[in-house]
Amino acid sequence: MPFTADLFADDAPTPTGEPARLPLAPGAVLLRGLVVAEAAALCAEVAAVLVQAPLRHWTTPGGLRMAVAMSNCGALGWVSDARGYRYSATDPHTAQPWPAMPAAWQALAARAAEHAGFAGFAPDACLINRYTSGVRLSLHQDRDEQDFSQPIVSVSLGLPAVFQWGGTQRREPTRRVPLGHGDVVVWGGPARLNFHGVMPLKDGTHPLTGEARINLTFRRAGP
């Protein structure tokens, strides 16, 4: 059965205007609908960034093509090829710097991090991931950043998805967490290196993103 908005009706913002919070672990929280009001502007800004740095399917160090289409903006961008997983100041395909991160995105990431208890977050990288029907992201840790004291802020736009949330060891059980349009997940502190992933995306259409889900993940990648 396809996802519908009714699945997320119980997670509307609270009467105080604060987003509904779903703790995932110490240091990790889901903020339901935090950016719904600004989602249309975010999607328009994503489109503008992708004109400058088109989506690409990176290859793993082992030579496999990644199913998720990716791009970046900010001072640093995450890339993958035969040299390994790393951050780069330039797009390897063009040798040009990544597009600047919109100031509104920096403010959004700082606001979300503060909601989760991480004040002063100043991202220098934003990964833009595009998921289409059947595409998934396998369980992994975000280990390529230099400072693990900084949180990860992940913004969901468009089609709903199921987020997999695990522990610090790959063998630990995972929790399946539905994510809707405008939801934000923040994890840091003791949860900074927890394994996480995304289940295969189900068919659907969203008025802002079409047959896709867009995920923005903000990081402090450099020193």
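1. Leu22 stands opposite Leu30 in strand E2. Leu22 lies in a stretch worth learning early: strand E1 (residues 20–25) pairs with E2 in the antiparallel sense over 5 bridges. Two strands count as paired if DSSP finds at least two bridges between them. Helices (H or I, at least four residues) and strands (E, at least two) are DSSP runs, numbered from the N terminus. Another facing pair is Ala25 and Ala28 in E2. E1 and E2 form a hairpin with 2 residues between them. Gly27, in the turn, has a positive phi of about 95°.

2. A word on the model. It is predicted: local features need pLDDT of at least 70, side-chain atom pairs count only at pLDDT 80 or more, and totals for chains, interfaces and linings use all residues. Residues are numbered from 1 along each chain as its sequence is written, and side-chain values use heavy atoms, with hydrogens and water left out.

3. Is strand E2 (residues 28–32) largely enclosed or left open? E2 is largely enclosed by the rest of the structure, because 5 of its 5 residues are buried. Buried means under 20% relative accessible area, exposed means over 50%, and partly exposed lies in between (1.4 Å probe, protein chains only). In a regular strand the side chains alternate between the two faces of the sheet. Here, Ala28, Leu30 and Arg32 point one way from E2. Val29 and Leu31 point the other way.

4. E2 has a further partner. It is joined by 4 bridges to strand E11 (residues 184–187), and the two run antiparallel. Val29 has Val186 in E11 as its bridge partner.

5. Now the whole sheet. It is open, has 7 strands with antiparallel pairing, and follows the order E1-E2-E11-E8-E13-E6-E3. E1 and strand E3 (69–74) are the edge strands, and each pairs on one side only. From one strand to the next, the twist averages 20°. Axes for such angles are lines fitted to C-alpha atoms, for helices over the stretch in contact, and angles run from 0 to 180 degrees between N-to-C directions.

6. Helix H1 (residues 39–52) has 14 residues. From its first C-alpha to its last it reaches 20 Å, close to the 20 Å expected at 1.5 Å a residue. The expected span is 1.5 Å times one less than the number of residues. Its buried residues are Ala39, Leu42, Cys43, Val46, Val49 and Leu50. They cover an arc of only 120° around the axis, which puts them on the same side of H1. The arc is that of the directions from the helix axis to the C-beta atoms. On the other side, Val51 and Gln52 are exposed.

7. What do the buried residues of H1 pack against? They pack against E3, H2, strand E6 (125–132), E8 and strand E13 (212–219). Contact here means heavy atoms within 4.5 Å.

8. Helix H2 (residues 103–115) has 13 residues and reaches 19 Å from first C-alpha to last, close to the 18 Å expected. Trp105, Leu108, Ala109, Ala112 and Ala113 are buried in H2. Their arc is only 130° around the axis, which puts them on the same side of H2. An α-helix has 3.6 residues a turn, so residues three or four places apart point the same way. Ala103 and Glu114 are exposed on the other side of H2. Gly117 follows H2, with a positive phi near 100°.

9. There is also an open sheet of 4 strands, in the order E7-E12-E9-E10, with antiparallel pairing. Strand E7 (137–140) and strand E10 (175–179) stand at the edges with a single partner strand each, so one side of each is left without a neighbour in the sheet. The twist averages 20° from one strand to the next. Strand E9 (residues 161–165) pairs with E10 in the antiparallel sense over 5 bridges. Phe163 stands opposite Val177 in E10.

10. Gln164 is found in strand E9. Is Gln164 buried or exposed? Gln164 is buried, with a relative accessible area of 9%. Not counting residues up to four places away in sequence, it touches several residues, including Arg136, Leu139, Phe195 and Met199.

11. Last, a loop residue. Ser149 is found in the loop between E7 and strand E8 (152–158). The side chains of Ser149 and Asp147 are joined by a polar contact of 2.6 Å. A polar contact is a pair of N or O atoms within 3.5 Å; within protein, one must be able to donate a hydrogen and the other to accept it, and residues adjacent in sequence count only if both atoms are side-chain atoms.
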